[in-house]
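Got the viewer open and a free hand on the mouse? Here is a stop-by-stop walk, with something to select at each stop.

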Amino acid sequence: MRVMVFVPADKQSEAGVMPGQELISKMMKFNEDLVKAGVMLDGQGLTPTSKAKRVRFSGSQRTVIDGPFAESKELVAGYWIWQVKSIEEAVEWLKRAPFDGGVEVTIRPIFEPTDFGKELNPELLAKDEGLRVEIQRQKMS
Amino acid sequence: MSSGATHRAIEAVWRIESARLIGALMRVVHDVGVAEDLAQEAFIAALERWPATGIPENPGAWLMTTAKNRAFDHLRQRKMRQRKHGEFQQDTAGLPPAGPDFDESVDDDVGDDLLRLIFIACHPVLSKDGRAALTLRLLGGLTTDEIARAFLVPEPTIAQRIIRAKRTLGEACVPFEMPHGLDLPTRLSSVMEVIYLIFNEGYVATNGDDWTRPELCQEALRLGRILAELLDDEAEVHGLVALMELHASRLPARTGASGKPILLLDQDRSRWDRLLLHRGLAALGRAEALKQPLGPYALQAAIAACHARTRVAAETDWTRIVALYDALVELTQSPIVELNRAVAVSMAFGPAAGLELVDALEGERALKSYHLLPSVRGDLLMKLGRHAEARVEFERAASLAQNARERTLLLARAEESRTWPSSGRPM
């Protein structure tokens, strides 16, 4: 299974202040360990919301809002995507991260394609089948 | 924490730590079976103590210390037994205190321990089945039951394979040192063969379950990625990882609604997993950057990359794929690869050109019971309007097919070719 791990923003990250050398170095080591374990699929830091934009959707209306955004605790400063056998494995990995100061990092399992399979209704499935047969027939002519 | 939750957490720690632990123990006791037993004892101790004490801050170190104490006991008893029988074996493992120090988990040592374990589990003296089962057990931390369900064989069968494998390693007096020099390519080849075998076992499309076949692909991918980090100057390892990442990227598009397999050219490419696709291309890039001649895995990955980079099947660069197959055929001399090449040739230069190559393969002993030979032949004959001959081929292919779903598919194609009038236009 895959999980996405969200690292929250804080006043520092929003101010574009880089973390200290020691933390950076510990974080690099943590990331290396994840790569060496074959667990790391992706991971990126996000720029402060001063560089962000938002789009609000209402009916056919689209409103564009420029950052920065105020609610720093709910903002994301970085994410990882990990390949794990269980969410418990993700938890054990995350515990090894060099975070501190009461920060809360959230792990969210990602939907598998098979999760959607169960939700698809029979009509859509039949349509899917019919379309494939039709494509195959057309290929043969 | 509920006891169920604690148990799951301890199992998660085991998954993270067990291979490293077994590798370190093996370095000392020079016996993979004993190393696993000692590691298991530490695991059991964790299951007994941690629900009460909580999971320690450094669970790896706790397990290592516990196992180390058991290892010292074991070595002491072994020395006593040897003295008793008047044996004077030069035990290269030696006894502590001067001996190897578990506490020095310098990253290099950990890497070496892991690599040594991988090489042992995949030793060519073992059967392929034995290697696969042992690898999933020692490196994946899978239970016998999980491995059995993954390979769709009874649990006792897997248990036997693992027992037999350990015994064979003991009897063959397999040295536990890191392979090097002329040995290395063969040993590495054996490792990659096992990982790829596990991957392909999982690549057959099925429904999701607790631990079933799609998860096998992920396990193989994980092992491949670990190996690529340990041996990052080996182009073929990156090639293997690239191949697996690229194939895995297609998993979401590989099965139709009723579990029907969908061929590559018919797949809805918007369902391809972009993350794995890009990882595959990146791994291939790493292989190519090493400027070594591309081996079979890297070449297959390069072929897969041709498809991966193309938005729609119709835009596929078949000429390039043919060129890659040319190189692959030369390297492997494999009739199966030649068959795949024939398909690529037919796509690049027309069905008649492909059929010529396929016909040349008719006598190949290796392809005698290979259902894809008549299947490909049937497909090419259909494209050339030779429907009656195509039907015969599809029926022949169906009779050879191992997989029930594939058989159904081939029989359906045979039936379809029957309904085509000789004018070649569909009814």
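Start with chain B and colour it by domain: domain 1 covers 192-313, domain 2 covers 317-361 and domain 3 covers 369-427. Those bounds come from an automatic or database domain assignment. Before clicking further, know that this is a predicted model, where local features need pLDDT of at least 70, side-chain atom pairs count only at pLDDT 80 or more, and totals for chains, interfaces and linings use all residues. Residues are numbered from 1 along each chain as its sequence is written, while chains are lettered from A and ligands numbered from 1 in the order in which they are written.

**Where two domains touch**

Keep domain 1 and domain 2 of chain B on screen. Their centres, taken over C-alpha atoms, are separated by 21 Å. Domain 1 of chain B puts 6 residues into the contact and domain 2 of chain B puts in 9 residues; two residues are in contact if their C-beta atoms, placed from the backbone, lie within 7 Å. What classes of residue does domain 1 of chain B have on the side that touches domain 2 of chain B? There are 5 nonpolar, 1 polar and no charged residues on that side. In this scheme Ala, Val, Leu, Ile, Met, Phe, Trp, Tyr, Cys and Pro count as nonpolar, Asp, Glu, Lys and Arg as charged, and the others, Gly among them, as polar.

**Chain B as a whole**

Zoom out and switch to cartoon. Chain B has 19 helices and 0 strands, where helices (H or I, at least four residues) and strands (E, at least two) are DSSP runs numbered from the N terminus. Its C-alpha trace spans about 85 × 50 × 40 Å along the principal axes. Of the 427 residues in chain B, 40% count as buried: that takes 20 or more other C-beta atoms within 10 Å of a residue's own, with 12 or fewer making it exposed, anything in between making it partly exposed, and C-beta atoms placed from the backbone.

**Two crossing helices**

Select residues 128-138 of chain B, helix α5, together with residues 155-171 of chain B, helix α7. Their axes come within 8 Å and cross at roughly 95°, so α5(B) and α7(B) are roughly perpendicular to each other. The axes are lines fitted to C-alpha atoms, for helices over the stretch in contact, and angles run from 0 to 180 degrees between N-to-C directions. Angles under 35 degrees count as roughly parallel, over 145 as roughly antiparallel, 65 to 115 as roughly perpendicular and the rest as oblique.

Now show side chains where they meet. From α5(B) come Asp129(B), Gly130(B), Ala133(B), Leu134(B) and Arg137(B), and they meet Ile158(B), Arg161(B), Ile162(B), Arg164(B) and Ala165(B) of α7(B). By class, this contact has 5 nonpolar, 1 polar and 4 charged residues.

**Some single residues in chain B**

Click Lys68(B), in helix α3 (residues 59-84) of chain B. Is Lys68(B) buried or exposed? It counts as buried, because it has 21 C-beta neighbours inside 10 Å. Add Leu25(B) to the selection: Lys68(B) and Leu25(B) are 43 residues apart in sequence, and 7.5 Å apart in space, C-alpha to C-alpha.

Hop to Asp326(B) in helix α14 (residues 318-332) of chain B. With 14 other C-beta atoms within 10 Å, Asp326(B) is partly exposed. Arg341(B) is 15 residues from Asp326(B) along the chain, and their C-alpha atoms are separated by 7.4 Å.

Next come two backbone oddities. Most residues other than glycine have a negative phi, and most peptide bonds are trans. Cys173(B), not a glycine, has a positive phi of about 50°. Look for Cys173(B) in the loop between α7 and α8 (183-203) of chain B; with 6 C-beta neighbours inside 10 Å, it counts as exposed. Lys291(B) has a positive phi too, near 55°, in the loop between α12 (274-289) and α13 (296-308) of chain B. Lys291(B) is exposed, with 7 other C-beta atoms within 10 Å.

**Over to chain A**

Hide chain B and bring up chain A, which has 5 helices and 6 strands. Buried residues make up 14% of its 141 residues.

Last stop: where does Pro68(A) lie? Pro68(A) is in the loop between β4 (61-66) and β5 (76-83) of chain A. Select Gly67(A) as well, since the peptide bond from Gly67(A) to Pro68(A) is cis, with omega near 5°.
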